[in-house]
Amino acid sequence: MSQPSTRKLRGYAFDPLISAKLDTYEINEIIYEVPWEKLDYSGGAIKGEYLEIIDYDPTTESFYEHVNLDTNKILAEHGLKPSESDPKFHQQMVYAVAMTTIKNFEKALGRKVLWAPKKVISQGKSYRNDFVGRLRIYPHALREPNAYYSPSKKALLFGYFHANPIDQKEQMPGSLVFTCLSHDIIAHEVTHAILDGIHRNYNHPTNQDVLAFHEAFADIVALFQHFTFPEVLKHQITRTRGDLQQQNLLGQLAQEFGVAIGNYNSLRSALGSVGKDGVWRASKPDPLALSRTNEPHARGSILVASVFDAFLAIYRRRAADLYRIASNGTGELPNGELHPDLVNRLAKEASKTAGHILNMCIRALDYCPPVDITFGDFLRGIITADYDVTDSDPYGYRIAFLESFRNRGIFPERMNSMSLEKLRYPNLGISESTSPKYKVLIDFMTDVSFTFQYLNDRREIHDARIVSIIGGSLKHLSRVPRWFRENRFMGFHQRLKQKSADSEAFSSSFMQLTGLIFTGSWDGLVDDGIHIDRNEFPITEIVDIGLVNRVGPDGKKINHFVMTIVQNVGLLIAHKEDKPVIKKLFDHQSYDKYYSKHGTKAFIFRTGVSLFFDLDDYELKYSISKPMLVRSDLAEEPNRTPNLNIKEALSKWEEVNTDRLHRSDFELYFSSGPEDSSMEMFSMLHQH
Amino acid sequence: MYTPGTGDCFSLSFLDKENNSFNMVIDAGSWKTSKAKLKPYAEALMESIEGRADLLVVTHEHMDHVLIFDYCQEIFKELEVNKAWMAWSEDDNDAKVVEWKEEHGQKKMALSNSISLLKKKMSAAPFRKGLEHYGAKSEYKQGLNSFVSGLDDMLELNLGPNMSVYKGGMKGMEIVKNEMAKDCLEIVRRGDILEVPELTNVKFYVLGPPEVYDLVKLEHGKTGDGQTYDSNSEILKSQSFSMAVSSMSNGASDIPFSSEFVTNYKKQKSDYKKTENSWRRIDHDWLMAGAGNLALRLNTGLNNLSLVLAIEFTDTGQVMLFPGDAELGSWLSWHEIDWEKKGLPKDLTTDLLSRTEFYKIAHHCSNNGTAKEMGLELMTAKNLVAMGTLDYNLLGSGWDSTMPNMPLMEEILHKTKGKLIMMNEEGLLSDRKKNIKLSDSIKKANKRMTLSERKEFKNAVDIQDHYKSYLFQVNEPNDPGNGA
């Protein structure tokens with residue numbers, strides 16, 4: 001007997017507050033359809049392929065009974081009825097929303113979602129990355145208005161607390177609010193975890209956009225997921241008469257939470273906010289706001305608003321003909337309720353647009369540098385990714401993004417004019433025939449693509465990734481082509497080291513291309529006067545490697561291979577007169593030792609590159625880099641050895657050391673220093 | 001300014017032409033120190049005020065403002081106190097204040113209990129097993145240790161040396177109230193304009209603390225937290241956490257669901273308990289997040305209860321500002337005082353700030369101790385002099401990351417032309433980027449003074465083993481007072 005394709009589960013479209021209001025109660029209970037999977041209920045948990053939900057509440061030292069989603073009653077009734085007082089429903093809600101979010105991501109990404117691996121330090125400095133199959137979810141873990149993703153535990157922790165509304169008409173004071181019952185909060189936190197799996201270096205705040213990007217992205221996913229609920233969408237279109245720029249539920253995040261902590265409205269909104277006077281006002285794009293804002297959630301909300309503006313612009317364009325028909329060309333809709341047919345058609349346009357916008361944002365992740373992301377980098381990623389999946393752009397999505405980002409003051413760094421042409425990364429077009437010296441790289445990419453081609457199991461993908469980096473046997477992976485299973489796979493590191501006649505030409509070109517160091521020594525890369533420990537060398541880490549198969553809106557298929565490499569080095573800063581200079585380079589894994597002795601004068605310079613290969617032409621297409629080396633030297637004199645990018649390194653150090661980066665009181669008073677990994681930064685609310 | 005280490009301890013002697021003095025004492029506290037070390041400072045204080053405090057002010061109940069009253073109780077037995085002022089939070093006859101105190105005590109207890117619970121969880125076997133997964137010397141482990149010592153510091157600051165007493169005031173505060181100033185304590189309120197008979201040309205304006213709870217809780221600028229600050233729920237934010245901690249400490253149940261859904265920890269066989277999964281356990285996480293937030297709220301809340309005095313010399317309009325540890329919420333509230341009710345100009349607060357010629361930098365030069373637009377930017381007097389009560393040798397762990405705040409130092413150096421007297425300049429940087437020592441910045445800023453200004457300032461400052469003093473000149477020649 002074949003298995004069902006989906007599991008249907010009831011849940012809140014928003015959160016319990018929306019159910020307690022007359023005008024919205026009927027749309028708040030929806031049915032989530034998540035991919036069918038066999039669930040394992042052993043060990044007091046609900047375990048699927050991606051998630052394990054353990055309802056242990058450390059604040060009461062109790063376990064709450066877990067739901068069995070496979071009983072006849074529950075299967076027949078599409079899960080338990082939404083209820084605040086039944087912890088089993090809470091588990092069902094987190095499962096349904098988390099799985100929905102994962103499903104949406106995989107669809108847009110064109111590959112499986114993998115959680116960030118667990119770094120296990122074995123001996124001294126050596127470590128290995130272990131596969132983490134399931135994200136752990138604790139629905140009742142904190143007694144605070146907060147929820148967070150813990151990168152060290154690969155777990156989501158949800159809080160619950162007593163409501164303190166400012167207006168008792170909105171909510172009963174003292175009533176319990178569970179963050180695990182909010183679609184928006186769950187989607188937000190799951191997105192943090194997924195993003196950490198793709199770009200795990202985005203938890204290092206090397207500039208003020210990095211953490212803000214994490215928050216913004218998590219909000220964007222939560223917001224646009226609202227548009228995948230047809231009943232909600234139609235209801236809100238009816239209410240706003242199709243003008244989604246007006247105050248509506250779709251553009252708001254976490255209503256119950258917001259009211260419960262004493263806001264006048266939702267926690268955050270992409271559209272506007274309610275002031276003290278109780279009047280809602282649309283937020284107007286202010287190009288200077290970005291420069292004034294550095295708290296991550298607040299800064300992130302500027303990015304969210306930009307994306308939402310782009311959505312609204314496209315929606316209006318797509319719906320323009322419907323408005324013309326409905327208004328007989330006058331532009332003025334007749335008074336009264338919209339015709340249900342018109343509502344349906346508008347809802348279709350809105351949902352389609354929202355889907356496209358969300359896809360564009362998710363796809364852009366592969367086109368972002370692996371460290372030190374800025375909002376401008378994200379914009380370039382969106383534009384480049386979109387050119388890759390579709391040539392034509394009849395509704396002007398790309399120009400809408402450009403415009404809405406510009407209106408909020410988001411510009412890529414070092415770009416003197418902003419046009420689509422400039423935003424799109426240049427296609428390098430490097431293939432074996434055009435540049436024979438890249439043979440070693442092209443061969444590697446070819447081998448890896450064959451290895452990965454048929455892999456579908458997440459653990460096998462993880463294993464293949466490790467082997468392709470460090471070398472080894474692929475014997476145990478049954479879906480890998482036979483030749484690769486029978487021979488030892490030579491890893492990327494080893495291939496680069498392999499001496500061959502053209503290796504020198506390759507390394508210097510590859511260094512030019514990536515901005516990273518591949519010569520195996522610092523020799524000639526830094527000026528005299530900087531002390532280097534002989535044994536210490538920038539550590540090259542391949543963060544991610546994988547195939548991407550996508551189909552664009554007009555059926556264009558793309559087969560890409562993405563590899564992200566990170567290279568870090570520790571710097572010790574000294575001062576010559578009152579100018580900071582680099583005194584010494586050290587292995588960044590010894591940071592602790594240097595920090596305890598030199599304080600903030602010890603610093604980790606994080607650099608990296610995302611490489612994109614086109615598997616149809618076997619061509620290296622893009623190199624998106626935050627370079628360790630000065631690449632401009634090379635452009636002028638191709639044979640010159642590049643230098644360490646001292647200017648950039650020092651400006652990064654300054655950024656961290658001049659109060660420009662936002663640090664919460666929480667960090668200021670309690671952290672052990674800038675690299676403290678025990679601070680869990682990905683929370684729904686700014687800590688304190 | 002006495003220099004026992006980070007903390008406030010000031011005496012002001014208002015001198016008339018015949019050198020008769022009116023002695024005022026503001027706070028006597030320090031931190032990370034001992035009785036023996038504090039003794040000489042208390043003696044120095046006694047000596048310079050000749051054993052007589054005509055006016056004693058205690059700004060707020062933090063250890064770094066009251067510890068010396070406690071540790072040097074014997075020395076102060078000889079002190080004659082003629083009048084004492086404290087803020088509304090010390091008004092034990094007001095039922096509302098008593099209720100507030102009770103609540104405040106509960107919070108301190110919750111913080112203390114949560115730290116004990118946290119330490120207990122962190123010394124338990126599953127937790128230590130879990131830590132092994134992160135490597136023996138991992139950043140993660142160091143981070144946790146630093147977190148706990150940060151919490152301990154915050155607790156000590158708020159509870160005082162006797163960490164098991166939550167109810168009632170800190171011992172140093174109680175000694176002042178019940179012994180030193182037993183018969184002459186006056187509660188003063190924001191908006192009060194006070195005078196003392198001995199000083200005919202001096203007025204004391206009480207600018208803080210705010211009496212409403214909503215501003216007490218506001219400690220940061222409006223630069224972008226995703227929440228509104230005017231919410232009166234701020235104060236209640238840690239309530240859920242405190243309740244859970246108190247239930248657990250008392251062995252009571254505080255389970256949010258009906259008992260049919262609940263299995264006790266010991267009875268449940270769960271993946272949660274598996275040793276190989278111990279790195280994913282969450283026994284301590286809620287305590288870290290909760291205690292951290294509670295500690296910050298408690299600390300800021302109390303800082304904002306600081307009694308804030310602007311001392312005006314009425315003949316010349318010169319002002320000395322002593323804000324205690326007031327943070328942003330308090331600063332903003334000064335501007336809300338209804339002066340018009342008293343027939344005074346509406347923007348008197350701004351006016352007082354603009355005439356301020358001596359500023360005791362609030363909250364030991366922290367990032368949120370001095371308001372920008374509503375504070376320092378309004379201090380436009382040419383002859384501004386500032387004192388900062390910061391000493392890196394005696395400071396909470398990690399506090400050096402917020403004190404001194406670089407932009408604040410830059411602004412103060414600019415405004416004062418380097419007429420900045422710090423408790424201890426050693427180790428303080430004014431610019432981390434350029435690695436400039438504060439002492440060098442002061443010297444550099446001093447160059448902007450004219451020769452006569454320099455000479456005048458040099459003559460006014462006196463640095464001794466146990467204090468640094470400044471002679472504040474009141475302009476008019478026929479004026480009664482100088483303060484030191």
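Between which strand and which helix of chain B does the loop with B:Pro209 lie? In this predicted model, B:Pro209 is placed in the loop that runs between strand S9 (199-208) and helix H8 (213-216) of chain B. The peptide bond leading from B:Gly208 to B:Pro209 is cis, its omega being near 5 degrees.

The model as a whole scores ipTM 0.89 and pTM 0.92. For chain B the mean pLDDT is 87, with 91% of the residues reaching 70 or more. Within chain B, however, the pLDDT falls below 50 over residues 214-235, a stretch that nevertheless has 66 contacts in the model beyond near neighbours in sequence.

Another loop of chain B, between helix H9 (239-249) and strand S10 (262-264), contains B:Gly251. B:Gly251 has 67% relative accessibility and therefore counts as exposed, since the cut-off for that class is over 50%. The C-alpha atom of B:Gly251 is separated by 65 Å from that of B:Arg448, a residue 197 places away along the chain.

Strand S10 of chain B also takes part in an open sheet of 3 strands, in which the order is S5(A)-S6(A)-S10(B) and the pairing is antiparallel. Strand S5 (56-57) of chain A and S10 of chain B stand at the edges of this sheet, and because each has a single partner strand, one side of each is left without a neighbour in the sheet. S5(A) is joined by 2 bridges to strand S6 (residues 62-64) of chain A, the two strands running antiparallel. A:Asp57 is found opposite A:Ser62 of S6(A).

Aromatic side chains contribute 50 pairs over all chains of the structure. One of these is formed by A:Phe311 and A:Tyr315, whose rings are stacked, with 6.1 Å from centre to centre and 10 degrees between the planes. Because A:Phe311 and A:Tyr315 are 4 residues apart in helix H10 (residues 296-326) of chain A, about one helical turn separates them. A:Phe311 counts as buried at 0% relative accessibility, and A:Tyr315 is likewise buried, with a relative accessible area of 2%. Elsewhere, one aromatic cluster is made up of A:Tyr56, A:Phe63, A:Tyr138, B:Tyr265 and B:Tyr272.

Rings also face charged groups. The charged end of A:Lys118 sits over the ring of B:Trp279, at 4.5 Å from the centre of that ring. Within chain A, the ring of A:Phe489 has the charged end of A:Arg495 over it, 5.0 Å from the ring centre.

Two residues other than glycine may be considered for their backbone geometry. A:Asn328, in the loop between H10 and helix H11 (340-364) of chain A, has a positive phi, near 50 degrees. B:His363, in the loop between strand S13 (356-360) and strand S14 (385-388) of chain B, has a phi that is also positive, near 45 degrees. As to their surroundings, A:Asn328 counts as exposed at 70% relative accessibility, whereas B:His363 is buried, with a relative accessible area of 2%.

A further loop residue, A:Ser175, is located between strand S11 (155-162) and strand S12 (176-178) of chain A. With a relative accessible area of 18%, A:Ser175 is buried, as the cut-off for this class is under 20%. The side chain of A:Ser175 reaches the backbone oxygen of A:Met172 at 2.7 Å. When residues up to four places away in sequence are not counted, A:Ser175 touches A:Phe161, A:His162 and A:Ala163.

Helix H13 (residues 397-407) of chain A has a set of buried residues, namely A:Tyr397, A:Arg398, A:Ala400, A:Phe401, A:Leu402, A:Ser404 and A:Phe405. These buried residues of H13(A) pack against H10, H11, helix H12 (375-389) and helix H14 (420-423) of chain A. H10, the helix that holds the stacked pair of A:Phe311 and A:Tyr315, is thus among the packing partners of H13(A). After H13(A) comes A:Gly409, with a positive phi near 75 degrees.

Notes
Residues are numbered from 1 along each chain as its sequence is written. Chains are lettered from A and ligands numbered from 1 in the order in which they are written. This is a predicted model: local features need pLDDT of at least 70, side-chain atom pairs count only at pLDDT 80 or more; totals for chains, interfaces and linings use all residues. Side-chain values use heavy atoms; hydrogens and water are left out. pLDDT is the predictor's confidence in each residue, from 0 to 100. Contact means heavy atoms within 4.5 Å. Buried means under 20% relative accessible area, exposed over 50%, partly exposed in between (1.4 Å probe, protein chains only). Two strands pair if DSSP finds at least two bridges between them. Rings of Phe, Tyr and Trp (its six-membered ring) pair if their centres lie within 6.5 Å; planes under 30 degrees apart count as stacked, over 60 as edge-to-face and the rest as tilted. A charge sits over a ring if NZ of Lys or CZ of Arg is within 6 Å of the ring centre and within 35 degrees of the ring normal. A polar contact is a pair of N or O atoms within 3.5 Å; within protein, one must be able to donate a hydrogen and the other to accept it, and residues adjacent in sequence count only if both atoms are side-chain atoms.
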